Amino acid sequence: MRTVRMLSVLLVLVLAMAGCGRHYYYYYVPSGDDGGEEETVEPQDGEEEEDAPGEETGTDAVLPEEVLLITGPAEDAEFMPGDELIVEWASSPDVATVAIQLMRSGSVLLETTEATESDGEETWDIPADINDGNEAYNRYQIRMTVLDPKGYVGYALSEYFTIGVAEEDDSGLSDVVVASTSITITVIDSGALIDDDTVDILLNGEAVISGLILVGPPGMDIPLELDSGDNTVEIYAVNEGTTPPNTATLLISDVTEGEAEQEWHLSAGETGSLVVTAEPGS
Ligand SMILES: [Ca+2]
């Protein structure tokens with residue numbers, strides 16, 4: 001019996017030791033995984049992955065910030081089609097000439113046709129139709145490539161920024177530039193059918209005239225005192241008269257750019273708008 005008991009004790013000890021061993025073993029498994037994570041912090045892998053989606057121009061290395069750094073547009077800056085886009089950068093004196101591209105989703109949308117001297121700033125007008133069929137994706141980047149490298153070959157990318165989607169204005173109204181801050185607009189109901197179309201006219205969000213029943217030629221003159229720079233003129237259609245839609249001719253004085261004679265077509269409850277930019281002395 002004693003032998004059997006001793007064997008039992010021995011067996012328990014062996015099992016316990018095996019258990020300890022197994023526990024020890026499992027403890028080291030996560031330790032081994034930690035070692036595997038080193039892969040994700042290898043800097044060279046990360047850089048190569050950033051290069052891959054870029055446009056192939058033959059200069060496929062990301063330049064260090066001290067060589068070329070795009071400082072504008074700022075991260076998450078918001079633009080609209082037609083806005084000015086100011087590209088700003090800082091570069092090493094050895095970087096004389098760069099090419100600039102506007103990128104969306106890895107594709108080039110706009111680029112400088114000539115090399116740009118490295119003066120640190122370039123202004124672009126964002127085309128009105130930039131979103132053409134791609135409204136869903138509005139994250140953009142500027143990419144600059146060193147063209148005449150003196151020891152540096154590569155490119156830099158800006159932070160991401162957005163270009164929003166312009167609301168479609170099919171009112172018939174369009175933006176103008178005028179040479180004075182004191183202008184006159186004239187509204188004239190269609191000579192063929194004067195049917196009591198009624199509108200409110202607003203300047204920079206404030207009513208200039210409300211419930212105006214449009215009259216036939218020569219129409220009604222409305223003086224407007226503009227701010228210097230951009231002003232928004234809105235026409236709100238109160239009704240459509242007896243014959244849809246609400247339509248009339250708009251004459252604008254002192255126009256230097258754009259259409260001095262326009263015609264709007266609005267449904268009842270709809271607002272048409274135009275930007276009137278006052279540039280006195282222009
Ligand atoms: Ca009408």
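**Backbone oddities: two cis bonds, two positive phis**

Okay, so let's begin with Pro218, which sits in the loop between β14 (206-213) and β15 (220-225). Before I go on, keep in mind that this is a predicted model. What joins Pro217 and Pro218? A cis peptide bond, with omega at about 5°.

There's another cis bond to look at, and for that we go to Pro73. You'll find Pro73 in the loop between β1 (68-72) and β2 (78-79). The peptide bond running from Gly72 to Pro73 is cis, and omega there is near 10°.

Right, on to phi. Asn204 isn't a glycine, yet its phi is positive, near 50°. Where is Asn204? In the loop between β13 (198-203) and β14. And is Asn204 buried or exposed? Well, partly exposed, because it has 14 C-beta neighbours inside 10 Å, and the partly exposed class covers what falls between 12 or fewer, which is exposed, and 20 or more, which is buried.

Then there's Asp254, again not a glycine, with a positive phi of about 65°. Asp254 belongs to the loop between β17 (246-252) and β18 (255-257). How many C-beta neighbours does Asp254 have inside 10 Å? The count is 20, so Asp254 goes down as buried, given that the cut-off for buried is 20 or more.

So, if you've got the structure open, the spots to click on are the cis bonds at Gly72 to Pro73 and Pro217 to Pro218, then the positive phi values at Asn204 and Asp254. That's it from me.

Conventions. Residues numbered from 1 in each chain as written. Predicted model: local features only at pLDDT ≥ 70, side-chain atom pairs only at ≥ 80, totals over all residues. Helix = DSSP H or I, 4+ residues; strand = E, 2+ residues; numbered from the N terminus.
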